[in-house]
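Trainee: Could we go through this structure together, one question at a time?
Mentor: Gladly, let us look at it first.

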Amino acid sequence: MSSPSAKPAAWVFIQQRLIDIRSSIPSLMDSPGDGDELMSSRLAQCYHLVTAFIYSLAERSESMSEENDVELPYHPALLLRIREDMSNMCSLTMEYLSGRFEASEANKSIRRTPRGNKTVRFKSVHKDSLPKMAKDELVVHQLRMLSYWFQEDDSEVLRKEARSGLMKVCIGLYSEAGKHLRTFLSTIMEECWIPDEEGSS
């Protein structure tokens with residue numbers, strides 16, 4: 001097994017995509033104009049690549065459970081780091097989706113997110129309808145990534161965040177979504193739903 005200081009190229013590449021997402025989403029919330037379309041397209045590709053990375057890790061994990069001689073793809077310290085960074089990115093993504101959903105639903109430029117004190121600003125470029133949001137390339141890739149991540153990660157912290165804001169996004173977009181997006185929305189709702197016995201206790 002490699003040491004934590006030996007960072008594989010794939011690990012570095014995904015870390016760069018995560019940094020791009022975390023640094024760009026706040027700007028996307030605040031910056032109207034032609035640059036938004038270009039940024040949205042770039043971020044959609046980042047989410048696509050992150051989803052592919054999650055899928056590859058899941059496949060490798062499945063192989064490890066079937067074959068005892070399969071090594072970890074990365075040092076445990078690097079896996080822990082990527083999980084923490086992924087969780088932070090997912091949290092920011094859910095904040096973006098929740099804020100944009102409220103802005104689209106109410107057709108207002110400024111809405112307060114469910115996370116409390118932060119105010120997410122959506123300028124005129126985000127004054128769109130729910131049908132338009134359901135077809136947005138960035139939104140689709142974000143929800144696809146979240147559906148994959150929730151299947152592979154058991155973080156209750158992220159699930160609580162999802163229940164406080166993302167669930168209403170999934171429910172609100174479901175009727176406007178196409179077949180593939182509905183699959184992602186259904187997966188998120190299934191993974192984050194509180195079972196009756198837990199909800200009634």
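What follows is a set of questions and answers on this predicted model.

Trainee: Which pattern do the helices and strands follow along the sequence?
Mentor: The chain holds eight helices and two strands. Read from start to end, their pattern is α-α-α-β-β-α-α-α-α-α.

Trainee: How much of the chain is made up of buried residues?
Mentor: Here buried means under 20% relative accessible area. The chain has 201 residues, and the buried share is 42%.

Trainee: Which helix gives the most to the largest nonpolar core?
Mentor: That core has 50 residues, and Met145, Leu166 and Leu173 touch the most other members. Helices α1, α2, α3, α4, α5, α6 and α7 each supply at least two of its residues. The top contributor, with 10 residues, is α3.

Trainee: Which residues does leucine 173 contact, leaving aside its neighbours within four places in sequence?
Mentor: Leucine 173 is among the core residues that touch the most other members. Once those sequence neighbours are set aside, its contacts are Phe101, Leu130, Met133, Ala134, Val139, Leu143 and Leu185.

Trainee: Which residue caps the N-terminal end of α5?
Mentor: Helix α5 has 16 residues and reaches 23 Å from its first C-alpha to its last, close to the expected 22 Å. Its buried residues include Leu138, His141, Met145 and Trp149. At the N-terminal end, a side-chain oxygen lies 2.9 Å from the backbone nitrogen of leucine 138, and that oxygen belongs to aspartate 136.

Trainee: Why is the pair of tyrosine 55 and tyrosine 148 given the class it has, and what is that class?
Mentor: This is the one aromatic pair in the structure. Planes over 60 degrees apart are the cut-off to keep in mind. The ring centres lie 6.3 Å apart and the planes are at 65 degrees, so the pair is edge-to-face.

Trainee: How many residues apart are these two tyrosines?
Mentor: Tyrosine 55 sits in helix α2, residues 34-66, and tyrosine 148 in helix α5, residues 137-152. The pair therefore links distant parts of the chain, and the separation is 93 residues.

Trainee: What does tyrosine 148 count as, at 25% relative accessibility?
Mentor: Its partner, tyrosine 55, has 44% relative accessibility and counts as partly exposed. Partly exposed covers values between the buried cut-off of under 20% and the exposed one of over 50%. At 25%, tyrosine 148 therefore counts as partly exposed.

Trainee: Which residue lies over the face of phenylalanine 13?
Mentor: The place to look is 4.4 Å from the ring centre of phenylalanine 13. The residue lying over that face is arginine 17.

Definitions and conventions:
Residues numbered from 1 in each chain as written. Predicted model: local features only at pLDDT ≥ 70, side-chain atom pairs only at ≥ 80, totals over all residues. Heavy atoms only, no water. Phe/Tyr/Trp six-rings, centres within 6.5 Å; stacked < 30°, edge-to-face > 60°. Helix = DSSP H or I, 4+ residues; strand = E, 2+ residues; numbered from the N terminus. Buried < 20%, exposed > 50% of the residue type's maximum accessible area, 1.4 Å probe, protein only. Lys NZ or Arg CZ within 6 Å of the ring centre and 35° of its normal. Core = buried A, V, L, I, M, F, W, Y, C linked by side-chain atoms within 4.5 Å. Contact = heavy atoms within 4.5 Å. Expected span 1.5 Å × (residues − 1). Polar contact = N/O pair within 3.5 Å; in protein donor to acceptor, adjacent residues only side chain to side chain.
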